[in-house]
Amino acid sequence: MQQDNVVSRLTEALAPEAEAHGFELVAIEQAGGRGVPVVRVLLDREGGINVDDLSAANEWISAVLDAENPFSRPYTLEVSSPGIDRPLVRKADFERFAGQTVTVWSKNDERRSTRTGVLAGLDGDDILLDFDNERHAIPYDSVQKARLKGALDFGKGREQSS
């Protein structure tokens with residue numbers, strides 16, 4: 001899976017810190033353009049994460065970013081949970097979330113594609129995705145982005161009381 005240099009450098013610096021504080025570093029995303037860059041750090045932990053966890057994490061994340069100095073200008077830091085559309089970054093994520101619906105953005109030989117289907121795990125260096133009534137292999141190294149496709153249940157099918 002492709003990552004740019006800033007994201008790779010910050011991932012290397014933050015992953016051990018996250019683990020030391022009892023978190024899983026899900027992903028680091030860089031957004032924004034010429035203006036003020038945004039660094040989004042997504043954390044999770046067994047049993048979920050709450051606002052107090054994120055607030056406490058903001059302190060040690062800020063300290064690491066200050067030491068790494070990823071930008072020569074001001075930036076905005078966002079610390080968040082991965083949410084229902086959790087990014088899948090590591091190969092282990094594609095095994096862990098097998099059976100769930102995902103969207104995968106990939107690029108092969110200048111051809112881009114976006115596919116949504118049921119994740120069937122990994123086969124070597126290929127992500128297995130079931131869609132169009134077939135199993136498809138997508139090379140892990142061609143994946144630009146992958147996310148769970150979260151579903152919300154607004155009570156459909158539940159009995160309503162009168």
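**Exercise 1. Follow the strands from β5 to β7.**
Task: work out how β5, β6 and β7 are joined, and how many bridges each pairing has.

Solution.
- Step 1. Start with β5 and β6: they pair in the antiparallel sense over five bridges. This is a predicted model, so keep that in mind as you go.
- Step 2. Pick a residue pair to check by eye. V118 stands opposite D130 in β6.
- Step 3. Look at the turn. The hairpin of β5 and β6 has two residues between the strands, and G124 there takes a positive phi near 65°.
- Step 4. Move on to β6 and β7, which run antiparallel and are joined by six bridges. Here D126 has P139 in β7 as its bridge partner.
- Step 5. This second pair is a hairpin too, with two residues between the strands.

**Exercise 2. Put the five-stranded sheet in order.**
Task: which strands form the open sheet of five, in what order, and which strands are at its edges?

Solution.
- Step 1. Add β4 to the picture. Strand β4 (residues 101–108) pairs with strand β5 (residues 111–123) in the antiparallel sense, over eight bridges.
- Step 2. To find the register, go to W105: its bridge partner in β5 is T114.
- Step 3. Now read across the sheet. The order is β7-β6-β5-β4-β8, the sheet is open, and the pairing is antiparallel.
- Step 4. The ends of that order are the edge strands, β7 and β8 (143–148), each of which pairs on one side only.
- Step 5. From one strand to the next, the twist averages 45°.

**Exercise 3. Find the non-glycine residues with a positive phi.**
Task: where do N69 and D132 sit, and are they buried or exposed?

Solution.
- Step 1. Take N69. This residue is not a glycine, yet its phi is positive, about 45°.
- Step 2. Place N69 in the fold: it is found in the loop between α2 (51–68) and β3 (76–80).
- Step 3. Check the surface. The relative accessible area of N69 is 51%, so this residue counts as exposed, the cut-off being over 50%.
- Step 4. Do the same for D132, another non-glycine, with a positive phi of about 55°. D132 lies in the loop between β6 (126–131) and β7 (134–139), which is the turn of the hairpin from Exercise 1.
- Step 5. With a relative accessible area of 62%, D132 is exposed as well.

**Exercise 4. Look around R147.**
Task: is R147 buried or exposed, and which side chain does its own side chain meet in a polar contact?

Solution.
- Step 1. Locate R147 in strand β8, one of the edge strands.
- Step 2. Its relative accessible area is 16%. Buried means under 20%, so R147 is buried.
- Step 3. For the polar contact, go to E29: the side chains of R147 and E29 come to 2.6 Å.
- Step 4. Fill in the surroundings. Leaving out residues up to four places away in sequence, R147 touches E29, D85, R86, P87, L88, V102, T103 and W105. You met W105 in Exercise 2, opposite T114.

**Exercise 5. Assemble the other sheet and its helices.**
Task: in what order do the three strands of the open sheet lie, and which strands do α1 and α2 touch?

Solution.
- Step 1. The order is β1-β2-β3, with mixed pairing.
- Step 2. β1 and β3 are the edges: each has a single partner strand, so one side of each has no neighbour in the sheet.
- Step 3. Ignoring direction, neighbouring strands here are turned by 15° against each other on average.
- Step 4. β1 and β2 run antiparallel and share seven bridges. For a landmark, Q30 stands opposite V39 in β2.
- Step 5. Add the helices. α1 packs on the sheet and touches β1 and β2, its direction making about 150° with that of β1. α2 also packs on the sheet, touching β2 and β3, and makes about 140° with the direction of β3.

**Exercise 6. Map the nonpolar cores.**
Task: how many residues does the largest nonpolar core have, and which elements give two or more residues to it?

Solution.
- Step 1. The largest core has 21 residues, and L14, L43, W60 and I61 have the most contacts inside it.
- Step 2. The elements giving two or more residues are α1 (5–20), β1 (24–31), β2 (38–44) and α2.
- Step 3. Zoom in on W60. Not counting residues up to four places away in sequence, W60 touches L14, E17, A18, H21, F23 and L43.
- Step 4. Then find the second, separate core: 15 residues, including F97, V102, L129 and Y140.

Terms used:
Residues are numbered from 1 along each chain as its sequence is written. This is a predicted model: local features need pLDDT of at least 70, side-chain atom pairs count only at pLDDT 80 or more; totals for chains, interfaces and linings use all residues. Side-chain values use heavy atoms; hydrogens and water are left out. Helices (H or I, at least four residues) and strands (E, at least two) are DSSP runs, numbered from the N terminus. Buried means under 20% relative accessible area, exposed over 50%, partly exposed in between (1.4 Å probe, protein chains only). Two strands pair if DSSP finds at least two bridges between them. Axes are lines fitted to C-alpha atoms, for helices over the stretch in contact, and angles run from 0 to 180 degrees between N-to-C directions. A polar contact is a pair of N or O atoms within 3.5 Å; within protein, one must be able to donate a hydrogen and the other to accept it, and residues adjacent in sequence count only if both atoms are side-chain atoms. Contact means heavy atoms within 4.5 Å. A nonpolar core is a set of buried Ala, Val, Leu, Ile, Met, Phe, Trp, Tyr and Cys residues joined through side-chain atoms within 4.5 Å.
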